[in-house]
Amino acid sequence: MKSNKGYALPKKNLLLLAVGFVIILVGFALMIGGGAEGTEFNPEIFSAQRVTVGPMIALFGFVFEIFAILWVPEEKEGLVVADEDTIDDKEEEGLTIKF
């Protein structure tokens with residue numbers, strides 16, 4: 001197995017975490033604004049952007065973060081073999097083993 005230089009997650013997972021964080025920030029940015037000035041009521045606080053779209057995008061970002069943490073990238077090289085008997089069996093079957 002490759003060394004990750006002390007990081008708990010591989011580089012692809014960290015990149016996905018950054019993308020998820022940006023999605024969450026976009027969702028919260030869509031919920032900003034529409035405050036009242038003085039004592040009068042501002043109906044803009046109940047716009048679809050602030051009440052529906054922003055929270056849905058933020059929720060998607062949180063779900064994406066969970067996916068980014070749990071996703072395991074495929075290893076393209078190497079094969080972990082437990083014992084030498086397994087190697088001999090594979091060679092007899094005509095399969096190639098890359099290390």
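**Exploring a helical chain, one question at a time**

Q: At 58% relative accessibility, does Phe-41 count as buried or exposed?
A: Let's start in this predicted model with a residue in the loop between helix H1 (11–30) and helix H2 (48–70), namely Phe-41. A residue counts as exposed when its relative accessible area is over 50%. Phe-41 has 58% relative accessibility, so the label is exposed.

Q: How much accessible area do Phe-41, Ile-45, Phe-46 and Val-51 have together?
A: Phe-41 has company on the surface: with Ile-45, Phe-46 and Val-51, Phe-41 forms a nonpolar patch. Two of these patch members, Phe-41 and Phe-46, are both exposed. Together, the four residues of the patch have an accessible area of about 430 Å².

Q: Which word describes the pair formed by the rings of Phe-41 and Phe-46?
A: A search of the whole structure turns up four aromatic pairs. For Phe-41 and Phe-46, the ring centres are 6.1 Å apart and the planes meet at 35°. Planes under 30 degrees apart would count as stacked and over 60 as edge-to-face, with the rest called tilted. The angle of 35° is in neither of those ranges, so this pair is tilted.

Q: What is the angle between the planes of Phe-64 and Phe-67?
A: Now move to helix H2, where Phe-64 and Phe-67 both lie, three residues apart, about one turn of the helix. Their rings form an aromatic pair with a centre-to-centre distance of 6.0 Å. This pair is tilted, and the angle between its planes is 45°.

Q: Which of the two counts as buried, Phe-64 at 17% or Phe-67 at 42% relative accessibility?
A: The cut-off for buried is under 20% relative accessible area. Phe-67 has 42%, so Phe-67 counts as partly exposed. At 17%, the buried residue is Phe-64.

Q: Which residues are linked into a cluster by ring pairs?
A: Phe-64 and Phe-67 form an aromatic pair, and ring pairs also bring other residues into the group. The full cluster consists of Phe-60, Phe-64, Phe-67 and Trp-71.

Q: How far apart are the closest N and O atoms of Arg-50 and Glu-44?
A: The whole structure holds one salt bridge, and its partners are Arg-50 and Glu-44. Arg-50 is buried, with a relative accessible area of 17%, whereas Glu-44 is partly exposed at 42%. Their closest N and O atoms are separated by 3.4 Å.

Q: How many helices does the protein chain have?
A: Reading from the N terminus, the elements run α-α-α. There are zero strands in the chain. The number of helices is three.

Key: Residues numbered from 1 in each chain as written. Predicted model: local features only at pLDDT ≥ 70, side-chain atom pairs only at ≥ 80, totals over all residues. Heavy atoms only, no water. Salt bridge = Lys/Arg side-chain N within 4 Å of Asp/Glu carboxyl O. Buried < 20%, exposed > 50% of the residue type's maximum accessible area, 1.4 Å probe, protein only. Patch = residues over 30% accessible without salt bridge, like charges linked within 9 Å, V, L, I, M, F, W, Y side chains within 5 Å. Areas by Shrake-Rupley, 256 points an atom, 1.4 Å probe, with all protein chains shown as cover. Helix = DSSP H or I, 4+ residues; strand = E, 2+ residues; numbered from the N terminus. Phe/Tyr/Trp six-rings, centres within 6.5 Å; stacked < 30°, edge-to-face > 60°.
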